[in-house]
Amino acid sequence: MSDHPETAQALQVYSAEMFTVSNGANFGDNLSYAAELILDDSYQLAPSAAPLKLAVHALENGHFRISESSEVGVDSATVVLDSCITLMDSQSQAIECLLLVEVDTEGHVAQIYAMPLAPLLRKEDYRLVGIDSDNAPLRFAQVACVSFTRGTKLTLATGEQRAVEDLALGEKVLTRDDGPQPVRWIGHHTTRAIGDFAPVMITKGTLHNENDLLVSPDHRLFIYQRSDKLGAGRAEVLLKASHLVNGDTVYVQEGGFVDYFQILFDSHQIVFAEGIAAETLLISPRTRSALPENVAETLGGTLAGHKHRAQGEFEVGKSLLSRPNAAELLLRASKGS
């Protein structure tokens, strides 16, 4: 497959002016970066606050560049991931929020954005209970990583169906493009199933899946259309699970906690999960922070295949899938009916 530049990632954010201190030492001030925050201050969203789209490209140095498609910010300006703060609502529920700082050409702060990892309500007081300047890249990477949930069965080289949590390093899994391939790394984290971390349920049979399939919202599925029902202009398409949500056969499963597992191969691969072709972890500037150091250090060596295989040219945007019967159309397209 040919090289394909990574598309901009659209982040749902609030600008600093939308999120102000409602009680505490910094009363009346807008949200700021970590060095200026004071624990136990309470914050409120402005009554008119609405999420904005900050579209960015991840850079190799861990920073970001604002895309021309962004609703906010200066085109091509640098954005720095400052910290991950923890807010506590009135029900004692913790909500994490990533702080991103846009800087101008002279390195001065131009704007601050808050990217909540769970929904925030207007007129609700949120008390600042934690400031973490070290693990923000990890939390951002975990949002960007495609993940299978505990219990998801993958097809091994032998044809055996094995739960993702029971896979072993070196074990060979059947891939669509390269046949049997050994697993290089298995990541795992547990998080609250809310907001950006809530998984998407694709119910049994919706896309020929043999059982229910529960994946992270940005997990891309591979569909071969025998007839182009979507109007994509090609037979092979990749699409995000979240873009298929219809509230019925495909829905967001919020509540409680979810165990996420990431599977890494030498190259970005398409594997078979509950009978559906689905992607594995793609190493990029967005996801690299999710890897342990000993794995990340090999990125320039045997894992270089991640740079040269990009299935992005097959990805179908949300606009083609913004219809309640998108999953049904894809099912019919795969049958050629």
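A disulfide is here a pair of cysteine sulfur atoms within 2.5 Å, and the exercises below apply this and other criteria to a predicted model.

**Exercise 1. Cysteines**

Determine how many disulfides the model contains, and explain why C97 is not part of one.

Solution. Begin with the cysteine sulfur closest to that of C97, which belongs to C84 and lies 7.8 Å away. Next, set this distance against the cut-off of 2.5 Å; the separation is too far for a bond, and therefore C97 is not paired with C84. Applied to the structure, the rule gives a count of zero disulfides. Finally, consider the surroundings of these side chains: C97 is buried, with a relative accessible area of 1%, and C145 is likewise buried, at 3%.

**Exercise 2. Nonpolar cores**

Identify which residues have the most contacts inside the largest nonpolar core, and which strand gives the most to this core.

Solution. The largest nonpolar core comprises 45 residues, and within it L31 and M115 have the most contacts. Turning to secondary structure, strand β7, which spans residues 94–103, gives the most to this core, contributing seven residues. To see what surrounds L31, set aside its neighbours within four places in sequence; what remains in contact with L31 is A16, F19, L37, Y43, I85, L99, I112 and A114. Apart from this core lies another one, of 33 residues, which includes L221, V237, A241 and F265. As background, nonpolar side chains in soluble globular proteins tend to be buried together.

**Exercise 3. A polar side chain in a strand**

Establish which side chains make polar contacts with the side chain of D259.

Solution. First place the residue: D259 belongs to strand β21, residues 257–264. Its side chain is joined to that of R150 by a polar contact of 2.8 Å, and the side chain of D259 makes a further polar contact, of 2.4 Å, with the side chain of T190. Then widen the view to every contact beyond four places in sequence, where D259 touches F148, T149, R150, H188, H189 and T190.

**Exercise 4. Helix α1 and the cavity**

Decide whether helix α1 is mostly covered or mostly uncovered, and find which residues line the largest cavity.

Solution. Helix α1 covers residues 136–144, and seven of its nine residues are buried, so that the helix counts as mostly covered. The buried residues are A136, R139, F140, A141, Q142, V143 and A144. Searching the whole structure then yields one cavity of 30 Å³ or more, and the volume of the largest cavity is about 60 Å³. Its lining is made up of Q142, V143, C145, S147, D196, F197, S216, P217, D218 and Y260.

Methods: Residues are numbered from 1 along each chain as its sequence is written. This is a predicted model: local features need pLDDT of at least 70, side-chain atom pairs count only at pLDDT 80 or more; totals for chains, interfaces and linings use all residues. Side-chain values use heavy atoms; hydrogens and water are left out. Buried means under 20% relative accessible area, exposed over 50%, partly exposed in between (1.4 Å probe, protein chains only). Helices (H or I, at least four residues) and strands (E, at least two) are DSSP runs, numbered from the N terminus. A nonpolar core is a set of buried Ala, Val, Leu, Ile, Met, Phe, Trp, Tyr and Cys residues joined through side-chain atoms within 4.5 Å. Contact means heavy atoms within 4.5 Å. A polar contact is a pair of N or O atoms within 3.5 Å; within protein, one must be able to donate a hydrogen and the other to accept it, and residues adjacent in sequence count only if both atoms are side-chain atoms. On a 1 Å grid over the protein atoms alone, a cavity is a set of points where a 1.4 Å probe fits but cannot get out, and a pocket is an open set with protein on both sides within 12 Å along at least five of seven lines; lining residues have an atom within 4 Å of a point. Grid points are joined across faces, edges and corners, and a volume is the space filled by probe spheres set on the points.
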